[in-house]
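Hi,

Here is the structure I said I would pass on. Have a look at it first, and my notes follow underneath.

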Amino acid sequence: MYYSAKVLITTLVLTVAVGALVQNAITKADGTESLAGAVPHEVLDHVIDGIKDAEHAQYLYERIERVETRKQAGDPNPLSVKVSRVIPAGTGIAKITLGPDGKPSDADAYRAELDKLLKTLAWAVQTGQPQREAYQKVQKKQKDRDDLIEATRNAFLFSYLGQETRGDRTLLKYKMMPNPAFKPTNRATSIFTRVKGSLWVDDAAQQLARVEGEVIEDISLGLFLAKVYKGSRFSQDRYEMAPGLWLPSFSQYDFDGRKFFSSFSVHERTFYSEYKRIGSPAEAIPRIQSELSLLKSPKSKPTSD
């Protein structure tokens with residue numbers, strides 16, 4: 001249940017970045033417009049498209065995820081660490097467990113997982129009714145998220161706080177508060193009224209670079225069978241991982257809540273790295289076949305002394 005809350009809240013808060021750009025115009029000394037103020041519609045559209053592209057890229061780019069869980073948010077050492085190779089598989093996402101160093105710890109198990117992935121990809125390229133129905137579900141999920149992005153234009157009030165630097169990049173910081181005039185149209189958009197935070201937009205790239213959020217009222221989930229409590233926090237950093245494509249590099253969730261009559265507490269940090277475009281199932285199949293061939297080759301096996 002907390003996973004659903006994490007995905008939903010993060011998706012919603014990332015999408016509100018587009019609303020941060022709807023402010024009063026400010027012109028730079030050279031006469032060009034900065035993202036610190038209102039921007040032409042084509043620039044706003046660019047930011048919106050960037051967030052949508054990042055969502056859709058989850059089905060095209062593989063990556064390595066390192067998930068650290070802690071008992072308390074401030075604990076220096078994690079209770080557990082789970083490293084996975086995350087690979088799009090057309091109608092879903094495959095996760096192959098790796099060792100703490102990001103390498104396969106069991107060669108036979110790793111090959112077996114790749115074999116399983118290959119079968120999933122082979123199924124996904126077929127054109128039967130089950131495949132069509134599975135892709136329709138994926139398309140609906142993507143459309144729902146795109147619709148949420150569009151719904152954020154009036155959900156929040158933003159105030160420009162100033163500029164910050166990250167490396168050699170200029171980021172524009174905004175404070176984000178719920179708009180009291182906003183009328184939610186469904187349960188998902190009602191979460192907008194219970195979240196506040198700050199966000200940073202890369203001035204040159206016109207892309208979301210960082211977001212921090214806090215739950216300011218309890219959020220009910222799953223027909224009110226679960227709640228995420230007020231005071232829960234989350235953040236995410238994003239960088240350009242491919243030309244024009246800004247994807248997460250780090251996320252942190254510190255959630256407290258309850259499911260039925262049991263309380264839960266989640267303190268999780270996720271590091272994302274080694275993004276590689278694997279493409280559609282038709283594109284991914286020869287890549288995985290080639291990788292399996294190398295792994296099964298006698299030359300790839302360690303030699304004994």
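Let me start with the surface: the protein chain has an accessible surface of about 16,200 Å², and carbon and sulfur atoms make up 52% of that. Bear in mind that this is a predicted model. The chain runs to 305 residues, 44% of which count as buried. In terms of secondary structure, you will find 6 helices and 12 strands. As for contacts with a separation of 6 or more, 54% of them are between residues 24 or more positions apart.

The part I spent my time on is strand β11, which covers residues 245-259. Is β11 mostly covered or mostly open? Mostly covered: 12 of its 15 residues are buried.

Here is how β11 sits among its partners:

- β9 (residues 226-228) runs antiparallel to β11, and 3 bridges join the two. In this pairing, Ala226 is found opposite Lys259 of β11.
- β10 (residues 233-242) is also antiparallel to β11, this time over 9 bridges. Look for Phe234 facing Tyr253 of β11 there.
- β12 (residues 262-277) pairs with β11 over 10 bridges, again in the antiparallel sense. Phe255 of β11 has Val266 of β12 opposite.

Now for the turns. β10 and β11 make a hairpin that leaves 2 residues between them, and Gly244 in that turn has a positive phi of about 75°. At the other end of things, β11 and β12 form a hairpin with 2 residues between the strands, where Phe260 adopts a positive phi near 55°.

That second turn is worth opening up in your viewer. Which residue of the loop between β11 and β12 should you click on besides Phe260? Phe261, which lies in that loop. Is Phe261 buried or exposed? Exposed, because its relative accessibility is 86%, and the cut-off for exposed is over 50%.

Phe261 also has company on the outside. Together with Leu225 and Phe260, Phe261 forms a nonpolar patch on the surface, and the three share about 390 Å² of accessible area. So the loop after β11 holds an exposed Phe261, whereas β11 itself has 12 of its 15 residues buried.

If you only have a few minutes, I would go to β11 and its three pairings first, then to the patch of Leu225, Phe260 and Phe261.

Cheers

Conventions:
Residues are numbered from 1 along each chain as its sequence is written. This is a predicted model: local features need pLDDT of at least 70, side-chain atom pairs count only at pLDDT 80 or more; totals for chains, interfaces and linings use all residues. Side-chain values use heavy atoms; hydrogens and water are left out. Buried means under 20% relative accessible area, exposed over 50%, partly exposed in between (1.4 Å probe, protein chains only). Helices (H or I, at least four residues) and strands (E, at least two) are DSSP runs, numbered from the N terminus. Two strands pair if DSSP finds at least two bridges between them. Contact means heavy atoms within 4.5 Å. Accessible areas come from the Shrake-Rupley method with a 1.4 Å probe; for residues, only the protein chains shown count as cover. Patches are made of residues with over 30% relative accessible area and no salt bridge: like charges are joined within 9 Å, nonpolar side chains (Val, Leu, Ile, Met, Phe, Trp, Tyr) within 5 Å. A salt bridge is a side-chain nitrogen of Lys or Arg within 4 Å of a carboxyl oxygen of Asp or Glu.
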